[in-house]
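Let's take a friendly look at how rings and charges sit in a protein model. Have the structure open while you read.

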Amino acid sequence: TMSMHTKFDLFTYWTSLISEINVQLDQAIPVKYPEQIYESMRYSVLASGAKRATPVMCIASCELFGGSRLAAFPTACALEMVHEASLIHDDLPYMDDDLFRRGRLSNHTVYGVDMAILAGDALFPLGFQHIVSNTPPGLIPETRLLRVVSEIARAVGSTGMAAGQFVDLNYSEESLVEFVQEKKFGELSECSAVCGGLLGGATDDELETLRRYGRTVGVLYQVVNDVLEFKKEQAEGGGKKNRNSSFAKVFGIEKAMEKAEELRVKAKKELDGFEKYGEKVFPLLSFVDYAVDRNFDVVGD
Amino acid sequence: EKPKKDIDSTFNFNSYMSQKGISVNQALDKAIALKEPFKIHESMRYSLLAGGKRVRPVLCIAACELVGGDEATAMPAACAVEMIHTMSLIHDDLPCMDNDDLRRGKPTNHKVYGESVAVLAGDALLALAFEHIANATLGVSPTRIVRVVSELAKAIGSEGLVAGQIVDIDFTGASDVGLDQLEYIHIHKTAVLLESSVVMGAILGGATDQEVEKLRKFARCIGLLFQVVDDILDVTKSSEELGKTAGKDLMSDKTTYPKLIGLEKSREFAEKLNREAQEQLCHFDPAKAAPLISLANYIAHRQN
């Protein structure tokens, strides 16, 4: 069955989930007093064209074990909130200093640095609150919910994404490129796969497999992103400052693509053990190919 | 029935605070080991272990013990609330916010570690607070721990701490700030976190819903009280006595209670809040309520 996944319609699966996720995120952040903070949070979280790869991976992992999509949505949305929070902070002037994000002005460029810091500070706890308040009672044992909270907290924390950002900003050794990639991009992907597994009822062994799979796909996705970006930079001239962590920039495009193929094989191999779940593994398998091939444009409404 | 004793004569507040302070400091020290990347963890520890009176953690533990729980049960949440308090101070002190150079008598986090590390250390402390509650709380039903997570999350986000800071920034330098706005800022910047400290402790200690609500009201009063007293101290004390830049509120034209209603009326308001707070504790065993009563008095009468 494993080769059948090429017939799986990832595009439809993904885009229909995007619509549902967007509706839920919209409802999760209503505008109240003081309005500016909610507008700033919404500006980033509800940016049109967001791919929602993180929440979609969470839902696909949950469904792999026969878990209900309804049980996974709150956590999926929370993952997107904390993801946006960390992007907002990463874009700040004394961090990556990015004026743009997804082709439009970054949060602090529109709302100011103070508001951007606070929008991030508000999105982290909103994510946790969203999980514990909105996961349908009875579907998930509370001990699992607490493991989800802990998993997300660890992923964004001082040994996870914050560590990746810190090393990215302060070191430029080639030997650290992989560390930064794993922390900045592998960590959240790993977290989203594991959270989905937790919500779907995966065993501890299966969670470990999802951990390795998620991390590998996250890094793979970024390695290919960096290649695409680097090609664009070479064609147009210029490029981003403050990024020491681009695999393509450091080792060249050819090496980066070799690395990508290596990661593709590794990610798929992790899924071998899930063959018993039949077609339910197709979304996770298809993500791996999508990460390299980018054979369609995922655009939310 | 035991004869009623004068609580103040049997309860030694100073030794209670220093004892609890030592336990909290030990637990905080253990909660953040120094590991790679060192600079982030150093920065987190620099602000978290900088001293301070640990009012929030002690409130959390005292509330837990009041309803029959023990210190160890409340300790992870007590540490978490101090982590959150610290992260909000680190971020509020940044140049783009309140631009403070001094905190608890030491250079602020970004002065020592730079702005990028200060932002990341704050983010990491926020995350660690939740991780710590979820992982380290023992002997409590998951239902109660989930309630605690929700309580903390609500207190620190856009309905709590962040809302307070936003409105504070909005009104800084404005000449038309009224009592309502001032109270909004203080309730959100200060009171909600004190409230959640007490409420988390109560939930973890096994309080009934009715007890939780009484303690919530108690905490709300002492939260506002805390800030009113802060405003008074800012006018009446020097920087050296406070360990932070005194008179800053006046210099930056910030609205304070003394400025709006005068020093005398501010003091009266503080007394009223303290009375209201202590009324909430009437229904509890007076001996067990002694720490919270003394904490309220301490917040009302502190000198720095």
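Is B:Tyr46 buried or exposed? B:Tyr46 is buried, because its relative accessible area is 17%, and the cut-off for buried is under 20%. Keep in mind that this is a predicted model.

## A tyrosine pair in chain B

The partner to look at is B:Tyr113, which also counts as buried, at 14% relative accessibility. The ring centres of B:Tyr46 and B:Tyr113 are 5.6 Å apart and the planes meet at 70°, so this pair is edge-to-face. B:Tyr46 belongs to helix α3 (residues 38-48) of chain B, while B:Tyr113 belongs to helix α6 (residues 109-113) of chain B, so the pair ties together parts 67 residues apart in sequence.

B:Tyr46 has a charged companion as well: B:Lys106 lies over the face of its ring, 4.3 Å from the ring centre.

## Rings in chain A

Now hop over to chain A. Counting over all chains, there are 19 aromatic pairs. One of them joins A:Trp14 and A:Tyr290, edge-to-face, with 5.0 Å from centre to centre and 70° between the planes. This pair links distant parts of the chain: A:Trp14 is in helix α1 (residues 10-28) of chain A and A:Tyr290 is in helix α13 (residues 282-293) of chain A, 276 residues apart.

How buried are these two? A:Trp14 has 2% relative accessibility, so it counts as buried. A:Tyr290 is buried too, with a relative accessible area of 4%. Both also belong to a cluster held together by ring pairs, made up of A:Phe11, A:Trp14, A:Phe287, A:Tyr290 and A:Phe296.

Chain A has a charge over a ring, too. The charged end of A:Arg294 sits over the ring of A:Tyr221, 4.0 Å from its centre.

## Chain B as a whole

Time to zoom out. Chain B contains 16 helices and two strands. Its radius of gyration is 19 Å, close to the 19 Å that the globule rule gives for 304 residues, so chain B is as compact as a globular protein of that length. The C-alpha trace of chain B spans about 55 × 50 × 30 Å along its principal axes.

What share of chain B is buried? Buried residues account for 59% of its 304 residues. Take the contacts in chain B between residues at least 6 apart in sequence: 75% of them join residues at least 24 apart. As for the outside, the accessible surface of chain B is about 12,300 Å², and 49% of that belongs to carbon and sulfur atoms.

How values were computed. Residues numbered from 1 in each chain as written. Chains lettered and ligands numbered in written order. Predicted model: local features only at pLDDT ≥ 70, side-chain atom pairs only at ≥ 80, totals over all residues. Heavy atoms only, no water. Phe/Tyr/Trp six-rings, centres within 6.5 Å; stacked < 30°, edge-to-face > 60°. Helix = DSSP H or I, 4+ residues; strand = E, 2+ residues; numbered from the N terminus. Buried < 20%, exposed > 50% of the residue type's maximum accessible area, 1.4 Å probe, protein only. Lys NZ or Arg CZ within 6 Å of the ring centre and 35° of its normal. Rg over C-alpha atoms; globule rule 2.2 N^0.38 Å. Contact = heavy atoms within 4.5 Å. Areas by Shrake-Rupley, 256 points an atom, 1.4 Å probe, with all protein chains shown as cover.
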